[in-house]
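Reader: I should be grateful for a close examination of one part of the structure shown below. Please treat the matter in a connected account, and state the cut-offs behind each term.

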Amino acid sequence: GRVFYTQGKSLVFYAFDLDHQLGVKDAVTFQAWGRKEIDQGKPVNLGILFMDSVANRRWVLRFDDARQLENIDAVFVTVEPRGGSRKPTTKPLLYALLRKEANHP
């Protein structure tokens, strides 16, 4: 996956081949969550990823709630029942820490 994050403004999460992971069935939802890593805070629902490109098997989530982004420093994706859930019910499939230094000038 790839995460494009503008601190406190927006987050775009791209993931590839999610539906080809071992143990993933057809009738599932891939849901993104955010939280404070340092205290393993309560996860915040960022939304459901949708397939952006069938040819590339690319899934995407766009999130731009500045207030909620200020309160998270990690994002992760879980496999949830169709339609999503109120809290994560499986272990993270993908995980990204947002507080590292930018890898570009």
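Author: The element chosen is strand 3, and its pairing with strand 7 (residues 74–81) is antiparallel, extending over 8 bridges. Strands, like helices, are DSSP runs numbered from the N terminus (E, at least two residues, for strands; H or I, at least four, for helices), and two strands count as paired if DSSP finds at least two bridges between them. The model is a predicted one, in which local features require pLDDT of at least 70 and side-chain atom pairs count only at pLDDT 80 or more, while totals for chains, interfaces and linings use all residues. Residue numbers start from 1 along each chain as its sequence is written, and side-chain values rest on heavy atoms, with hydrogens and water left out.

Within the pairing of strand 3 with strand 7, Q31 stands opposite T78. Strand 3 also pairs with strand 4 (residues 44–48), again in the antiparallel sense, over 4 bridges; there W33 has N45 as its bridge partner. Strand 3 covers residues 28–35, and because 7 of its 8 residues are buried, the strand is largely enclosed by the rest of the structure. Buried here means under 20% relative accessible area, exposed means over 50%, and partly exposed lies in between (1.4 Å probe, protein chains only).

The wider setting is an open sheet of 4 strands in the order 4-3-7-8, with antiparallel pairing. Its edges are strand 4 and strand 8 (94–97), each of which pairs on one side only. Neighbouring strands of the sheet are turned by 25 degrees against each other on average, direction ignored; the axes are lines fitted to C-alpha atoms, for helices over the stretch in contact, and angles run from 0 to 180 degrees between N-to-C directions. Strand 7 and strand 8 run antiparallel and are joined by 4 bridges, with A96 of strand 8 as the bridge partner of V75.

Which residues does F30 touch, leaving aside those up to four places away in sequence? The set is L18, D19, V24, G47, I48, L49, W59, V77, T78, V79 and L93, a contact being heavy atoms within 4.5 Å. F30 is also one of the residues with the most contacts inside the largest nonpolar core, along with L11, L46, L49, L61 and V75; this core has 19 residues. The elements that give two or more residues to this core are strand 2, strand 3, strand 6 and strand 7. A nonpolar core is defined as a set of buried Ala, Val, Leu, Ile, Met, Phe, Trp, Tyr and Cys residues joined through side-chain atoms within 4.5 Å.

On the strand 4 side, L46 belongs to strand 4 and is buried, with a relative accessible area of 6%. L46 is 13 residues from W33 in sequence, and their C-alpha atoms are 5.1 Å apart. Residues up to four places away in sequence aside, L46 touches A32, W33 and G34, and also L11, L61, F63, I72 and V75.

On the strand 7 side, E80 lies in strand 7 and is buried at a relative accessible area of 2%. E80 and F30 are 50 residues apart along the chain, yet their C-alpha atoms are separated by 6.1 Å. The contacts of E80, without its neighbours within four places in sequence, include V28, T29, Q31 and W33, and among them are also S85, K87 and P88. The side chains of E80 and T78 are joined by a polar contact of 2.5 Å. Such a contact is a pair of N or O atoms within 3.5 Å; within protein, one must be able to donate a hydrogen and the other to accept it, and residues adjacent in sequence count only if both atoms are side-chain atoms.

There remains R35, in strand 3 (residues 28–35). R35 counts as buried at 15% relative accessibility, and its side chain meets that of E37 in a salt bridge (3.9 Å, N to O). The term denotes a side-chain nitrogen of Lys or Arg within 4 Å of a carboxyl oxygen of Asp or Glu. The whole structure holds 2 salt bridges; D52 forms one with R58, the closest N and O atoms being 2.7 Å apart. Of that pair, D52 is partly exposed at 32% relative accessible area, and R58 is partly exposed at 24%.
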